[in-house]
Amino acid sequence: NVAAAAGLILVSGGSCLFLRRAKEPRRDCLALPGGFVDPGEQAEEALLRECGEELGWAPAEMRFLASYPNRYTYKSVEYWTCDLFFIAELAGKERGLLSPDPHESTGLEWAELSAIPWESIAFESTRLALRQYLLRV
């Protein structure tokens with residue numbers, strides 16, 4: 001069966017937030033805040049939980065952008081996922097509230113929307129969601 005995951009395109013002042021992955025798959029690549037949806041959990045609830053875990057912060061408001069299929073290879077097993085992407089904005093003064101979990105990421109990186117490092121992004125579904133977002137801004 002397909003697993004569900006949720007990711008957040010968090011924008012602030014013309015930049016998008018990425019986490020540098022601390023774990024496999026795709027360790028050291030860039031990812032959006034987010035993760036898998038637990039059984040019985042809404043995608044929005046999962047995303048708020050994951051943001052709290054990964055960033056020490058969660059958005060008060062977010063809106064749905066799109067969903068894309070993805071392949072997630074872990075310990076030589078390939079899983080199919082349906083990744084649901086949401087958008088939220090962070091005021092510049094709130095950037096200092098972000099506190100990354102070192103078990104999840106080796107750091108946070110802001111990238112200008114006009115200079116996204118496409119080759120460093122961990123998952124194809126994330127690239128597709130970001131391209132969809134850029135068509136709207």
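Here are two short exercises on the structure above, each with a worked solution.

The model is predicted, so local features need pLDDT of at least 70, side-chain atom pairs count only at pLDDT 80 or more, and totals for chains, interfaces and linings use all residues. Residues are numbered from 1 along each chain as its sequence is written, and side-chain values use heavy atoms, with hydrogens and water left out.

**Exercise 1.** Find out where Arg26 lies and whether Arg26 is buried, partly exposed or exposed.

*Solution.* Step one: place the residue. Arg26 sits in the loop between E2 and E3; strands like these are DSSP runs of E with at least two residues, numbered from the N terminus. Step two: check the cover. Buried means under 20% relative accessible area, exposed over 50%, and partly exposed in between (1.4 Å probe, protein chains only). Arg26 comes out at 38%, so it counts as partly exposed. Step three: look at the backbone. Phi of Arg26 is near 65°, a positive value in a residue other than glycine. Just before it, the peptide bond from Glu24 to Pro25 is cis, with omega near 0°.

**Exercise 2.** Do the same for Ser76: which loop holds it, and is it buried or exposed?

*Solution.* Step one: Ser76 belongs to the loop between E5 and E6. Step two: its relative accessibility is 75%, so Ser76 counts as exposed. Step three: phi of Ser76 is also near 65°, a positive value in a residue other than glycine.

How values were computed:
Helix = DSSP H or I, 4+ residues; strand = E, 2+ residues; numbered from the N terminus.
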